[in-house]
Amino acid sequence: MSPSGEEHGGLAAMFTTYLNSYVLAHRLGRVFAAETGFLIATDPDTVRAPDVAFVRSEQMRAVGAGTGYRRGAPDLAVEIVSPHDRYTEVEEKVAAWLTHGTRMVVVVNPRRQSLAVHHSATDVRHLTIDDSLDGEDVIPGWSLPLRDLFQ
């Protein structure tokens, strides 16, 4: 894939910054930047790389740390829609994350300045610029006002 553009990279960095600050302060786990591969299935191997990911401490300890792809799905996967992305491709990514154990998938739509929060194929919440993303039970106590993300 070709490198992401300025808008995409800026949003990924902003989301990572807000999330990582909270996760570190509360020792909740680990945040991973874009291009981190997660091995979510084997035989055949399936590796996916979200734009931002979070793995809670319990899962970090259970699986351990490594130098290759992270084994298993993250607890949170964030996908930022790029201008060249097809919505069917984004939907396929969301379905793959959820199928393999991701508890929350957030799809950021820069053009609409909105988010879709997926917990399952049918449990989807849509947020607008006036809303805040809540970490719910995946990242307890964390929230991100969308105005801050899209500033």
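Reader: How far apart are the end C-alpha atoms of helix α3, and what span should its 13 residues give?

Author: This is a predicted model, so keep that in mind. Helix α3 covers residues 87–99, and at 1.5 Å a residue it should span 18 Å. Its end C-alpha atoms are 18 Å apart, so the two values agree.

Reader: Which residues of α3 are buried?

Author: Val90, Val94, Ala96, Trp97 and Leu98.

Reader: Any general rule for which way helix residues point?

Author: An α-helix has 3.6 residues a turn, so residues three or four places apart point the same way.

Reader: And what covers the buried residues of α3?

Author: The cover includes strands β2, β3, β6 (76–80), β7 (104–109) and β8.

Reader: What follows the helix α3?

Author: Gly101 follows α3, and its phi is positive, near 110°.

Reader: OK, sheets now. What's the strand order in the open sheet of three strands?

Author: The order is β3-β2-β5, and the pairing is mixed. The edge strands are β3 (46–48) and β5 (70–71), each pairing on one side only.

Reader: Do β2 and β5 run parallel or antiparallel?

Author: Parallel. Two bridges link β5 with β2, which is residues 38–41. Leu39 has Arg71 in β5 as its bridge partner.

Reader: What about β8 and β9, how many bridges there?

Author: Four, and those strands run antiparallel: β8 is residues 114–118 and β9 is residues 124–127. Ala116 sits opposite His126 of β9. The connection from β8 to β9 is a hairpin through five residues.

Reader: Switching to odd backbone spots. Where's the cis peptide bond with omega of about 5°?

Author: Between Asp43 and Pro44. Pro44 is in the loop that connects β2 and β3.

Reader: What's usual for peptide bonds and phi?

Author: Most peptide bonds are trans, and most residues other than glycine have a negative phi.

Reader: Then which residue between β7 and β8 should I look at?

Author: Gln113, in the loop there. Its phi is positive, near 50°, and Gln113 isn't a glycine.

Reader: Is Gln113 buried or exposed?

Author: In between: Gln113 has a relative accessible area of 34%, so it counts as partly exposed. The range for that label runs from 20% to 50%.

Reader: And what's the phi of Glu136?

Author: About 50°, also positive in a residue that is not a glycine. Glu136 lies in the loop between β10 (132–134) and β11 (143–145). Its relative accessibility is 26%, so Glu136 is partly exposed.

Conventions
Residues are numbered from 1 along each chain as its sequence is written. This is a predicted model: local features need pLDDT of at least 70, side-chain atom pairs count only at pLDDT 80 or more; totals for chains, interfaces and linings use all residues. Side-chain values use heavy atoms; hydrogens and water are left out. Two strands pair if DSSP finds at least two bridges between them. The expected span of a helix is 1.5 Å times one less than its number of residues. Buried means under 20% relative accessible area, exposed over 50%, partly exposed in between (1.4 Å probe, protein chains only). Contact means heavy atoms within 4.5 Å.
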